[in-house]
Amino acid sequence: MQPDSATTVGLVTGHPADNRSGSVADSPRTRQAAPAQLRSTAPVPDDLVPLTDTQLLYLTRHLLDPSDLTSHCLLTWVVDGELDRESLAVAVAAVHRRHEPLQAAYRAEPTPVAQVLDVDPPPLEELPDQPSVDAAIAALRALLAGELLVEEADVWRVAVASAGSQAVIGCVVHHIAFDGWSESVLARDLATAYNAVVRGGDPASVMAAPRKLAHVHRHYVRRRADPALHERREQQRVELADVPPLRWPAEPAKAEAVGPEMIHVSLPADVRTDVRRWAAQTGENEFTVLFAEYAAAFAEVTGLRDFTIAVPVSQRHDQDLDDAIGCHTALTCIRLRGAALNGGAAGVSAVGRLFSTARDVPFQELIPPSGQSGEPFPPLFRTLFAVQDDTSVQLPLDNLRTTFVRQPYLDLPLDLYTELWPADDGLTLTVCFRPDLVARSCAAAIAERYEGRLRPSTTEGRP
């Protein structure tokens, strides 16, 4: 059964349902308050696509607080050379028309659906010239930290600012229509369309249309009907019934809610090579190895021996989704204790067994009734770990050199979020955290210990 919207936000995110507005740039756009009630027995017309569980979470958060930024996905590129802004605007329009999730209105009534509309693409917003690249990045970040009116098919924005001979392109997309893999798809399509325009061609002629939203949803429904899912769901309910509260080992230095901070670590190619070797020898996949070592590092730093970490699970089971923008992910929750915290081969095997049970079990069905934990913030979704398996997010524009800039999230709906991203032959480790909830020293220690455990020369227990 689906929990009510306030329960979904308050319990899944681990923070009260009243949300924090944070520091949000003023937006010239106005809106009317959307209804908070999400469920209805009214039939859904055939031309509308029901939302997935994950999309329902994002819509819930948006309706409860339209200024919420926790579902805003921010992308930034620095461009060296003379950027053709008119061609960029045409490219933005081409990307918009290619991907149905960017053209859809996400609505709550009469039942939560995505409706694809014939709406204009977002304009290319242009800021005044900035004194430096850093100033341009900051100005774009402030501009894009505004509301997205997803129920009115206002799903994404693109802006540009110049800084001397360089330019900075900023883009924000609502998570209800986007995921980690979509970053590389958007970058590739935007570059393909831009290059076609500057060469005098038609971008539509070099961009094939991906699957329709309705087609994607049919695959989702079939996966949810898997009889094995019911057994795993019951196992997970038992597993997560009495999770203890999460206690951080150090008090945060900042008492008030502020923007997230991020710790960035570059991991060389030999780390990834060793993880692949280790996965092959243990019979597990790379994610399981990386997650098991993270669980061990987290336990060592925090001193906790029984805790949960939320994990996004890719739902791109259909190969046709490889070049599609959209929210094709689900959240699950892993309880880590005992052998799963030991790291090494034993830890990898234990985590592999846990994940095989938990994967694809919808997170809403794991949420305990309000107040069951006796804590102000339930522990299930206070931290999150992800391995992003997308390809390069570089923007290969003709005759220009571009650099992707990974920024902290505009806001976080939880305490701490650790991610691994592909970077050349190695990996980029980011630990994003709320400094009003997690001490920077604690987040830095988790990053440092995790890096140490992944180094081939320092990790014990590997085969």
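These are my notebook entries on salt bridges, a helix pair, a small sheet and one loop residue in a predicted model.

**Entry 1: salt bridges overall**

I began with a search of the whole structure. It returned 22 salt bridges. I then looked up several of them by residue.

**Entry 2: D189 and R98**

I picked D189 and asked for its partner. D189 forms a salt bridge with R98, and their closest N and O atoms are 2.5 Å apart. Next I checked where the two residues sit. D189 belongs to helix α6, which covers residues 180-198. R98 belongs to helix α3, residues 85-98. The two are 91 residues apart, so I noted this as a link between distant parts of the chain.

Are D189 and R98 buried or exposed? D189 has a relative accessibility of 7%, so I count D189 as buried. R98 comes out at 11%, so R98 is buried too. The cut-off I needed here is under 20% for buried.

**Entry 3: D242 and R335**

I moved on to D242. Its side chain meets that of R335 in a salt bridge, at 2.6 Å from N to O. D242 is in the loop between α8 (227-239) and β8 (261-267). R335 is in strand β10, residues 329-337. Again the pair links distant parts of the chain, with their positions 93 residues apart.

I looked up accessibility for this pair as well. D242 has a relative accessible area of 52%, so D242 is exposed. R335 has just 3% relative accessibility and counts as buried. I wrote down that this bridge joins an exposed residue to a buried one.

**Entry 4: E261 and R440**

Which residue forms a salt bridge with E261? R440 does, with the closest N and O atoms 3.0 Å apart. E261 lies in strand β8, and R440 lies in helix α12 (residues 440-454). The pair therefore ties together parts that are 179 residues apart in sequence. R440 is at 43% relative accessibility, so I list R440 as partly exposed.

I also found a group of linked residues. E293, E300, R449 and R453 form a network of salt bridges.

**Entry 5: α8 against α11**

I turned to helix packing. Two packed helices are described by an angle and a distance between their axes. α8 and helix α11 (residues 344-358) pack at about 120°, with axes 8 Å apart. I noted α8 as oblique to α11, because of that angle.

Which residues of α8 and α11 meet? From α8 I listed R232, Q235, Q236 and E239. From α11 I listed L354, S356, T357 and A358. I sorted the residues of this contact by type: two are nonpolar, four polar and two charged.

**Entry 6: a three-stranded sheet**

I traced an open sheet of three strands, in the order β1-β4-β3. The pairing is antiparallel. β1 (49-50) and β3 (104-107) are the edge strands, and each pairs on one side only. Between β1 and strand β4 (residues 113-116) I found two bridges. P50 has V113 in β4 as its bridge partner.

**Entry 7: V206**

My last lookup was V206. V206 is placed in the loop between α6 and α7 (213-224). V206 has 48% relative accessibility, so I count V206 as partly exposed. I set aside its neighbours within four places in sequence and looked for contacts. V206 is in contact with T192 and A196. I also checked the spacing to A193. V206 and A193 are 13 residues apart in sequence, and their C-alpha atoms are 7.5 Å apart in space.

Technical notes
Residues numbered from 1 in each chain as written. Predicted model: local features only at pLDDT ≥ 70, side-chain atom pairs only at ≥ 80, totals over all residues. Heavy atoms only, no water. Salt bridge = Lys/Arg side-chain N within 4 Å of Asp/Glu carboxyl O. Helix = DSSP H or I, 4+ residues; strand = E, 2+ residues; numbered from the N terminus. Buried < 20%, exposed > 50% of the residue type's maximum accessible area, 1.4 Å probe, protein only. Axes fitted to C-alpha atoms, helices over the stretch in contact; angles between N-to-C directions. Parallel < 35°, antiparallel > 145°, perpendicular 65-115°, else oblique. Contact = heavy atoms within 4.5 Å. Nonpolar A, V, L, I, M, F, W, Y, C, P; charged D, E, K, R; others polar. Pairing = 2+ DSSP bridges.
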